[in-house]
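Ever wondered how people get from a set of atoms to words like "buried" or "contact"? Let's work through a few of those words together.

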Amino acid sequence: MGSVLHTVAIVGLGLIGSSIARGARTYGLAERVVAVDRDEAVLERVRALGIADLVTAGFAEGVAEADLVILCVPVGAIGAVAAELAPHLKPGAILSDVGSVKGSVVAAATPYLKPENPFVPAHPVAGTEYSGPDSGFATLFQNRWCILTPPEGVDPQAVSTVTAFWEGLGAIVETMTSEHHDLVLAITSHVPHLIAYNIVGTAADLETVTQSEVIKFSAGGFRDFTRIAASDPTMWRDVFLANKDAVLEMLGRFNEDLSALTKAIRWGDGDTLFNLFTRTRAIRKGIVAMGQETAEPDFGRSRSDTKTN
Ligand code: NAP
């Protein structure tokens with residue numbers, strides 16, 4: 001990356017925030033890393049982990065010196081957090097975030113910002129089903145996409161700084177509008193999570209199948225859904241509330257395609273099923289070819305992983 005930042009402040013030290021803090025240290029992206037969180041238990045863990053130079057519950061103190069402030073709180077909290085810290089940003093300080101939805105975040109945070117503080121929203125497309133400061137790791141963003149959605153007219157230098165920061169964390173940066181981001185992520189991330197939450201919920205509610213059978217016979221497809229359905233409830237509640245329109249649009253299409261598949265099964269139309277399954281297999285190969293997934297059987301799980309999962 002280009003020049004090293006003097007101070008980066010991370011607000012919200014969960015999975016993503018603590019991974020950024022660790023990465024900023026590991027890859028030497030800032031001389032000083034400041035951790036800001038409202039939760040005393042989180043701050044205690046961050047101190048014990050030693051991943052920041054200053055650890056504080058005070059927004060004013062935490063962001064005062066920062067050149068770059070990254071909000072890593074749930075999407076529904078970003079507006080309120082931006083309102084609280086905006087008056088304390090120094091002139092020229094850049095505000096960014098990592099929210100999984102962009103349109104509503106931009107709308108919620110922008111009104112509180114002074115013109116001398118450019119806002120460069122970001123979304124690292126990387127994560128796990130775990131939460132909290134202990135779950136983060138420095139390499140989380142290596143070879144993963146980070147999408148920036150800079151609003152029209154924002155200082156290009158600020159966009160370059162945020163781009164360089166994410167590249168320093170190992171991410172591949174792509175830029176698009178927040179509207180486009182929300183539509184793309186609705187189908188690639190948000191609807192799949194909803195399907196996982198739904199299928200695991202349906203299985204758990206089945207009266208003819210006991211809970212222990214669901215767990216015992218969870219090989220193959222179902223087990224992978226349970227991993228996704230173990231994702232943070234607060235984060236995902238906020239995602240669906242914040243990206244309502246795009247998710248409803250994609251769910252409409254999904255339901256139509258599901259009806260077509262239902263019909264094919266009902267009428268014994270094997271060609272329709274076979275043709276779709278062939279097309280989808282090619283998509284999987286494309287993802288593996290781009291280095292975003294392993295081609296190893298069973299998602300590269302080791303035998304010991306398989307046993308404990
Ligand atoms: P997380 O592990 O649950 O951490 C969130 C942190 O924000 C916690 O320390 C939490 O403190 C704090 N927080 C929650 N509400 C707050 C509020 N109102 N004011 C101040 N702090 C608050 O969550 P995460 O997975 O890192 O997600 C953080 C952001 O990253 C979200 O916007 C999410 O959409 C985005 N993101 C997540 C993933 C993923 O896979 N997890 C991937 C890409 C982007 P408490 O302990 O008090 O709740």
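Below is a short run of questions and answers about this predicted model.

Q: What makes the protein chain count as compact as a globular protein of its length?
A: Start with the parts: the chain has 13 helices and nine strands. Its radius of gyration is 21 Å, close to the 19 Å that the globule rule gives for 309 residues, so the chain is as compact as a globular protein of that length. Along the principal axes, the C-alpha atoms fill a box of roughly 65 × 40 × 35 Å.

Q: How much of the protein chain is buried?
A: Buried residues account for 42% of the 309 residues. As for the surface, the chain exposes about 16300 Å², and carbon and sulfur atoms supply 58% of that.

Q: Why is H181 called buried?
A: Buried means under 20% relative accessible area, and H181 has 0%, so H181 is buried. You'll find H181 in helix α7, which covers residues 178–205.

Q: Which residues does H181 touch, leaving out those up to four places away in sequence?
A: A contact needs heavy atoms within 4.5 Å. With that cut-off, H181 touches S100, V101, K102, H123, I147, T149 and M176.

Q: Why is L169 called buried?
A: Its relative accessibility is 0%, and the cut-off is under 20%, so L169 counts as buried too. L169 sits in a loop, the one between α6 (156–168) and β9 (172–175).

Q: How far apart are L169 and T26, in sequence and in space?
A: In sequence they are 143 residues apart, while their C-alpha atoms are 8.9 Å apart in space. L169 also touches I20, G23, A24, Y27, L29, F141 and Q142, not counting residues up to four places away in sequence. Across the chain, take the contacts between residues at least 6 apart in sequence: 73% of them join residues at least 24 apart.

Q: Why is N143 called partly exposed?
A: Partly exposed lies between the 20% and 50% cut-offs. N143 has a relative accessible area of 37%, so N143 fits that label. N143 belongs to the loop between β7 and β8 (145–148), and it has a positive phi of about 60 degrees although it is not a glycine.

Q: What about T278: why is this one partly exposed?
A: Its relative accessible area is 42%, which falls between 20% and 50%, so T278 is partly exposed. T278 is in helix α12 (residues 270–289).

Q: How do you know that T278 makes a polar contact with F274?
A: The N or O atoms have to be within 3.5 Å. The side chain of T278 reaches the backbone oxygen of F274 at 2.7 Å, so the distance passes that cut-off.

Q: Which residues come nearest to the ligand?
A: There are 26 residues around the ligand, and I16, D37, D39, V73 and S100 come nearest. By type, the shell divides into 14 nonpolar, nine polar and three charged residues. Both α1 (15–26) and β7 (122–124) supply at least two residues of the shell.

Q: How far from the ligand's oxygen atoms are the polar backbone atoms of V73 and G132?
A: The distance is 2.7 Å for V73 and 2.9 Å for G132. Taken alone, the ligand exposes 900 Å², and the protein buries 83% of that.

Notes. Residues are numbered from 1 along each chain as its sequence is written. This is a predicted model: local features need pLDDT of at least 70, side-chain atom pairs count only at pLDDT 80 or more; totals for chains, interfaces and linings use all residues. Side-chain values use heavy atoms; hydrogens and water are left out. A residue is near a molecule or strand if one of its heavy atoms lies within 4 Å of it. A polar contact is a pair of N or O atoms within 3.5 Å; within protein, one must be able to donate a hydrogen and the other to accept it, and residues adjacent in sequence count only if both atoms are side-chain atoms. Accessible areas come from the Shrake-Rupley method with a 1.4 Å probe; for residues, only the protein chains shown count as cover. Helices (H or I, at least four residues) and strands (E, at least two) are DSSP runs, numbered from the N terminus. Ala, Val, Leu, Ile, Met, Phe, Trp, Tyr, Cys and Pro count as nonpolar, Asp, Glu, Lys and Arg as charged, and the others, Gly among them, as polar. The radius of gyration is taken over C-alpha atoms; the globule rule is 2.2 Å times the number of residues to the power 0.38. Buried means under 20% relative accessible area, exposed over 50%, partly exposed in between (1.4 Å probe, protein chains only).
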